[in-house]
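Reader: Walk me through this model, please. I want the ligand site, then the helix packing, then the odd backbone spots.

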Amino acid sequence: MVARKPKVIVTRKLPDPVETRMRELFDAELNVDDVPFTRARLADALARADVLAPTITDKIDAELIAGAGEKLKLIANFGVGVDHIDIPAALAKGIAVTNTPGVLTEDTADLTMALIMAVARRILEGAQAVQAGTFTGWTPTWMMGRRVTGKRLGIIGMGRIGQAVARRAKAFGLQIHYHNRKPVSSRIAEELEATYWESLDQMLARVDIVSVHSPHTPATYHLLSARRLKLLQPHAIVINTARGEIIDEQALADLLAQGKIAGAGLDVFEFEPTINAKLLKLPNAVLLPHMGSATLEGRIDMGEKVIINIRTWMDGHKPPDRILPQML
Ligand code: DGY
């Protein structure tokens, strides 16, 4: 139990209602100017805080964690992905790490569907043509995309977000296929009429659209390697709203440029915020600035989750969204 208000250092600007609540509850040091923390500033925050509330833009490695102060007991991440934090190093030093699962599921699934539709139906190209004044009237053969209904969607990672995508996709008439560490429960499989593929390679060769929804871990780094991307059919579309590192981005760009993969919709990038120069030039790649969870409601809910995790810890209990070693 912490009697005084804990020093909570927040590394980025959060939505106003979240910051207001944090000021009420904690000795909160906010980043109202939203200038990303340098490594030195992160080290200073880790040395002084009881709780650090970072985001994906803060790389918290073992060296930084080694320099953390004795007081630091919790890293309450604003976001669900925690691949920017060296979790084993934190846990070994007695620092708990929490994330914000559940509250960004629907928003991320919505954006995934938007990317599927945008790529298959060439929505960006169409909008750009109108803006550029090249739309001179309807023709039977202009701006033809590919029908989505009836196609096979292969979902990699059938957790919360993968399932939310599957529900939407089913309503769009897509057939659901998935690869996961283990099959989902029979109730969910029946609801989604989903086909499980233990072999990712076999699934890739048979689907029309592949969408990535697994966390980035050492096991999923470049899961879609050059070899696996080459298993896709030439009309296939690749969607990624999870983490860029899961796809070999250079190989994807090359295959898109060679017409060996038809299109890609990417909200995340391997070297974010740097984007592969080849990808930027491709008309068949729809690229978004990591905005899967970017709704006002979602970001406020994420902030509330951060607050609940910190308050639970303050009350001497285990925070609900702790990252446990078996999750890694
Ligand atoms: C998440 O919550 O993981 C988003 O991708 C931002 O980090």
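**Ligand site and backbone geometry**

Author: This is a predicted model. We start at the ligand: a polar side-chain atom of His290 sits 2.7 Å from one of the ligand's oxygen atoms.

Reader: How much of the accessible area of the ligand does the protein cover?

Author: On its own, the ligand has 230 Å² of accessible area. The share of this that the protein covers is 87%.

Reader: Which residues are around the ligand?

Author: A residue counts here if one of its heavy atoms lies within 4 Å of the ligand. The residues that qualify are Ile56, Gly79, Val80, Gly81, Leu104, Arg243 and His290.

Reader: How does that shell divide into nonpolar, polar and charged residues?

Author: Gly counts as polar in this scheme. Arg counts as charged. The shell then divides into 3 nonpolar, 3 polar and 1 charged.

Reader: How far is a backbone N or O atom of Val80 from an oxygen atom of the ligand?

Author: The cut-off for a polar contact is 3.5 Å between N or O atoms. Gly81 offers a polar backbone atom, 2.8 Å from an oxygen atom of the ligand. For the backbone N or O atom of Val80, the distance is 2.7 Å.

Reader: Now the helices. Is α1 roughly parallel or roughly antiparallel to α13?

Author: Helix α1 covers residues 16-25, and helix α13 covers residues 296-314. Their axes are 9 Å apart, at an angle of about 15°. Angles under 35 degrees count as roughly parallel, so α1 is to α13 roughly parallel.

Reader: And is the crossing of α1 and α13 left-handed or right-handed?

Author: The angle of this pair is about 15°. The hand of the α1 and α13 crossing is right-handed.

Reader: What is α5 to α7, oblique or roughly perpendicular?

Author: The axes of α5 (residues 105-120) and α7 (residues 160-171) come within 8 Å. They cross at roughly 50°. The crossing is right-handed. Roughly perpendicular needs 65 to 115 degrees, so α5 is to α7 oblique.

Reader: On to the backbone. Where is Pro273 found?

Author: Most peptide bonds are trans. The bond from Glu272 to Pro273 is cis, with omega near 5°. Pro273 itself lies in the loop between β11 (263-266) and α12 (277-280).

Reader: Which value is phi of Arg122 near?

Author: Most residues other than glycine have a negative phi. Arg122 is in the loop between α5 and α6 (123-132). Its phi is positive, near 55°.

Conventions. Residues are numbered from 1 along each chain as its sequence is written. This is a predicted model: local features need pLDDT of at least 70, side-chain atom pairs count only at pLDDT 80 or more; totals for chains, interfaces and linings use all residues. Side-chain values use heavy atoms; hydrogens and water are left out. A polar contact is a pair of N or O atoms within 3.5 Å; within protein, one must be able to donate a hydrogen and the other to accept it, and residues adjacent in sequence count only if both atoms are side-chain atoms. Accessible areas come from the Shrake-Rupley method with a 1.4 Å probe; for residues, only the protein chains shown count as cover. Axes are lines fitted to C-alpha atoms, for helices over the stretch in contact, and angles run from 0 to 180 degrees between N-to-C directions. Helices (H or I, at least four residues) and strands (E, at least two) are DSSP runs, numbered from the N terminus. Angles under 35 degrees count as roughly parallel, over 145 as roughly antiparallel, 65 to 115 as roughly perpendicular and the rest as oblique. A crossing is left-handed if the near helix is turned anticlockwise from the far one by less than a right angle, and right-handed if clockwise.
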